[in-house]
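Please look over the fold below before reading on. The report goes from the whole chain to the domains, the main sheet and the ligand site.

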Amino acid sequence: MSLREARIDLAALRSNLRVLTAAVAPALVLGVVKAQAYGHGAVGVARTLADEGVDWLGVADLGEALELRAAGITTPVLSWLHGPDLDAAAAAQSDIDLGVSTVDQLERAAAVGATVQLKVDTGLSRNGFSSAEAISAFARAADHERGGRLRVRGIFSHLSNTSREDDDRQIALFAELIDAAHDAGLDPELRHIASTEAALTRPDARLDLVRLGIGLYGVEYDEGVDPAELGLTPVMELAGSVTAVRRVPAGTGMSYGFIDRTSRETTLALVALGYADGVPRAASRRGTVAIHGTTYPQVGRIAMDQFLVDVGDDPVAIGDRVVLWGDPATGAPSAGDWARAAGTIGYEIVTRVGARVPRTYAG
Ligand SMILES: Cc1ncc(COP(=O)(O)O)c(C=O)c1O
């Protein structure tokens with residue numbers, strides 16, 4: 001194999017989409033492909049989801065949406081995070097729905113005849129009209145719609161997934177805001193608030209559409225939730241090559257700062273992946289890898305481009321493939337395992353795989 005590789009299993013992606021689509025039916029599915037499809041490669045993932053008939057694709061910013069259109073993907077796209085320089089005309093020309101969170105965005109959209117989905121903040125304190133702003137924003141949007149300057153296709157919000165009670169409160173407020181939108185003369189056909197966790201755990205949050213990211217990639221949405229038990233398969237396998245093998249005596253220091261020294265004679269294998277590639281330095285000496293299906297500990301500090309594995313007395317050779325995370329069914333650690341080793345979440349593990357790592361697509 002090459003020096004480094006993130007192998008993207010498109011058959012697993014298709015299977016996850018089917019499993020999730022069936023689980024949330026009759027709600028529509030929006031596949032979230034922001035941030036290079038959580039590190040999996042936006043165009044490859046989006047094209048596969050589109051071929052598979054996903055209803056919608058979702059991204060954070062307009063640049064990400066335009067990348068999908070430039071690749072010839074014609075599936076409906078929603079983009080929901082904009083700066084003050086939002087180019088609403090580009091969205092309208094490329095048939096991209098704008099998730100609109102401010103009056104300025106609404107006016108920019110109305111000036112060019114864009115289609116919007118109104119984002120309301122029901123408690124996360126991120127983007128979206130607050131309850132206080134929403135009433136006048138709805139009135140303004142309805143006025144634009146009546147005047148033929150704008151189409152309001154949807155209304156949406158986002159949950160904190162803090163607790164059932166916290167989500168209950170957000171869902172109840174969302175229902176009130178939908179009523180207020182109707183009172184203002186709007187009739188948004190798409191009402192949505194759930195991402196993977198709520199879509200799978202609370203049917204009352206599914207409404208017309210669910211926005212699915214992490215579940216599509218087969219990664220846990222919460223610690224202790226096993227994707228396999230949900231019928232989901234990890235889509236990414238991150239692997240690096242062994243680039244050096246060294247037999248060393250007891251007491252040998254390993255990598256920067258000698259946070260580890262060998263306790264006996266052993267064999268160290270050097271792997272060509274580091275924190276520049278998204279292997280979290282915070283996981284130093286806590287990560288594990290699989291070589292030929294056997295699990296070994298990562299030892300010493302993870303450096304920018306490389307780290308060490310203690311393979312004991314096992315025969316390991318230059319060029320051997322070392323899997324950091326992938327499908328546990330193959331004997332590999334999961335992204336969730338590395339997340340726990342680094343004190344973070346599986347989302348961050350897959351999303352931060354660096355640009356230097358080629359994505360190769362299989363299936
Ligand atoms: C607005 C919005 N919707 C949906 C998602 C997808 O969430 P998940 O990956 O948990 O399914 C995200 C991701 O953070 C998001 O920001």
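What percentage of the 363 residues of the protein count as buried? The share is 45%. The model is predicted.

**Overall build**

The protein holds 11 helices and 18 strands. Its C-alpha trace spans about 80 × 40 × 35 Å along the principal axes. Take the contacts with a separation of 6 or more: 63% of them join residues 24 or more positions apart.

**Two domains**

The domain assignment splits the protein into domain 1 (10-217) and domain 2 (236-362). Their centres, taken over C-alpha atoms, are separated by 37 Å. Contact between the two involves 9 residues of domain 1 and 10 residues of domain 2. On the side of domain 1 that touches domain 2, helix H2 (residues 34-39) gives the most, with 3 residues. That side of domain 1 has 5 nonpolar residues, 4 polar and no charged.

**The eight-stranded sheet**

An open sheet of 8 strands runs in the order E8-E7-E6-E5-E4-E3-E2-E9. The pairing is parallel. Strand E8 (190-192) and strand E9 sit at the edges, and each pairs on one side only. On average, neighbouring strands of this sheet are turned by 25° against each other, direction ignored.

Inside the sheet, strand E5 (residues 96-100) pairs with strand E6 (residues 115-119) in the parallel sense, over 3 bridges. Val100 stands opposite Leu118 in E6. Helix H1 (residues 10-24) lies across strand E2 (28-32) and E9. Helix H1 runs at about 140° to E2.

**The ligand site**

Which residues surround the ligand? The shell is made of Val32, Trp80, His158, Ser195, Thr196, Glu197, Arg211, Leu212, Gly213, Ile214, Gly215 and Tyr221. Helix H9 (196-201) and strand E9 (209-212) each supply at least two residues of this shell. Strand E9 thus appears in two roles: it is an edge strand of the sheet, and it helps to line the ligand shell.

How do the classes compare between the ligand shell and the domain 1 side of the contact? The table sets them out.

| Residue set | Nonpolar | Polar | Charged |
|---|---|---|---|
| Shell around the ligand | 5 residues | 5 residues | 2 residues |
| Side of domain 1 that touches domain 2 | 5 residues | 4 residues | no residues |

The shell around the ligand has 2 charged residues, whereas the side of domain 1 that touches domain 2 has no charged residues.

Key: Residues are numbered from 1 along each chain as its sequence is written. This is a predicted model: local features need pLDDT of at least 70, side-chain atom pairs count only at pLDDT 80 or more; totals for chains, interfaces and linings use all residues. Domain bounds come from an automatic or database domain assignment. Two residues are in contact if their C-beta atoms, placed from the backbone, lie within 7 Å. Helices (H or I, at least four residues) and strands (E, at least two) are DSSP runs, numbered from the N terminus. Ala, Val, Leu, Ile, Met, Phe, Trp, Tyr, Cys and Pro count as nonpolar, Asp, Glu, Lys and Arg as charged, and the others, Gly among them, as polar. A residue is near a molecule or strand if its C-beta atom, placed from the backbone, lies within 6 Å of it. Two strands pair if DSSP finds at least two bridges between them. Axes are lines fitted to C-alpha atoms, for helices over the stretch in contact, and angles run from 0 to 180 degrees between N-to-C directions. A residue is buried if 20 or more other C-beta atoms lie within 10 Å of its own, exposed if 12 or fewer, and partly exposed in between; C-beta atoms are placed from the backbone.
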